[in-house]
Amino acid sequence: MSPPEPDQQLPFADEAQVEVRRSARRRRTVSAYRDGDRTVVLIPARMSRAEERSWVSVMLERLAKQDQKLRPSDADLLARATELSRRWLGGRAAPSSVRWVANQGSRWGSCTPVDRTIRLSSRLQGMPPWVVDYVLVHELAHLLVPGHGPEFWAEVDRFPRTERARGYLEGVSATAGLDLSDD
């Protein structure tokens, strides 16, 4: 990995929330991760302050892109739901809106067929995209079939990772001591 221009002084947001850790053992690589509200950037000890600032900016941008993938916006969710409906449900399920909500204590998602709205629990944010996709397909299927009967599950099972995603969500629920299900 080649460093950015060392004299490039890019300001970065939330500077107080960034912790830079220098290491004499680290030779060339730069890495970063989130630790709660802080971002920790690991750099070689030999780097100049200018290189440090450049790399911090680069790593913050990379983490922001990664966060966007793991925490898509409501508009991104709607676009994703539309694509999943096209791909797995023949485009027959057309939600009017899809959004994140924080008030779902006992569900991963919910659907109101009358107004064609889908809501996903904010607990899903940060989970693998295929798990979020499964919950979206599950809720999209409710736009086609009410309840959880065989016809409903036949629609949901068109999504190839259904069983894997259900197992993932069951594991998360059990580990966290939550009573969440998709039934």
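Which residue just after α5 takes a positive phi? It is G177, with a phi of about 70°.

## Overview

The model described here is predicted. The protein has five helices and six strands, which follow one another along the sequence in the pattern β-β-β-α-α-β-β-β-α-α-α. Of its 183 residues, 39% count as buried. Among contacts with a separation of 6 or more, 50% are made by residues 24 or more positions apart.

## Helix α5

Helix α5 runs over residues 162–176. Its 15 residues should span 21 Å at 1.5 Å a residue, and the C-alpha atoms at its ends are 21 Å apart, so the expected and computed spans agree.

Four residues of α5 are buried: T162, A165, L169 and S173. They lie on the same side of α5, because they cover an arc of only 75° around the axis. An α-helix has 3.6 residues a turn, so residues three or four places apart point the same way. The cover over the buried residues of α5 includes α3 (129–144) and α4 (150–156). On the face turned away from the buried side, α5 carries the exposed residues E163, R164, E170, A174 and T175.

## Helix α3

Helix α3, which contributes to the cover of α5, is itself mostly covered, with 14 of its 16 residues buried. From its first C-alpha to its last it reaches 23 Å, close to the 22 Å expected at 1.5 Å a residue.

## Nonpolar cores

In soluble globular proteins, nonpolar side chains tend to be buried together. Here the largest nonpolar core has 30 residues. L120, L124, Y134, L136, L140 and L169 have the most contacts inside this core. At least two of its residues come from each of α2, β4 (97–101), β6 (117–121), α3, α4 and α5. The most are given by α3, which supplies ten residues.

L124 touches W100, W108, V131, V132, V135 and L169, when residues up to four places away in sequence are not counted. Apart from the largest core lies another core, of eleven residues, among them V18, W55, V56 and L60.

## Aromatic pairs

A pair of aromatic rings is described by the distance of the centres and the angle of the planes. The structure holds three aromatic pairs. In one of them, W88 and F159, the ring centres are 6.2 Å apart and the planes stand at 85°, so the pair is edge-to-face. W88 belongs to helix α2 (residues 74–88) and F159 to the loop between α4 and α5, so that this pair links distant parts of the chain, 71 residues apart. W88 is partly exposed, with a relative accessible area of 23%, whereas F159 is buried, at 5%.

W130 and Y168 form an aromatic pair that is also edge-to-face, with 5.6 Å from centre to centre and 75° between the planes. Since W130 lies in helix α3 and Y168 in helix α5, the pair ties together parts that are 38 residues apart in sequence. W130 counts as buried, at 15% relative accessibility, and Y168 as partly exposed, at 31%. The ring of W130 has a further partner: the charged end of R164 sits over this ring, 4.4 Å from its centre. R164 is one of the exposed residues on the face of α5 turned away from its buried side.

## F152 in helix α4

Is F152, a residue of helix α4, buried or exposed? At 0% relative accessibility, F152 counts as buried, because the cut-off for a buried residue is under 20%. Leaving aside its neighbours within four places in sequence, F152 is in contact with H138, A141, H142, V145 and G147. One of these residues, A141, is eleven residues from F152 in sequence, and their C-alpha atoms are 6.4 Å apart in space.

## R116 in a loop

R116 is found in the loop between β5 (109–112) and β6. Its phi is near 60°, a positive value in a residue other than glycine. R116 is partly exposed, with a relative accessible area of 27%.

Notes: Residues numbered from 1 in each chain as written. Predicted model: local features only at pLDDT ≥ 70, side-chain atom pairs only at ≥ 80, totals over all residues. Heavy atoms only, no water. Expected span 1.5 Å × (residues − 1). Buried < 20%, exposed > 50% of the residue type's maximum accessible area, 1.4 Å probe, protein only. Arc of directions from axis to C-beta. Contact = heavy atoms within 4.5 Å. Phe/Tyr/Trp six-rings, centres within 6.5 Å; stacked < 30°, edge-to-face > 60°. Lys NZ or Arg CZ within 6 Å of the ring centre and 35° of its normal. Core = buried A, V, L, I, M, F, W, Y, C linked by side-chain atoms within 4.5 Å.
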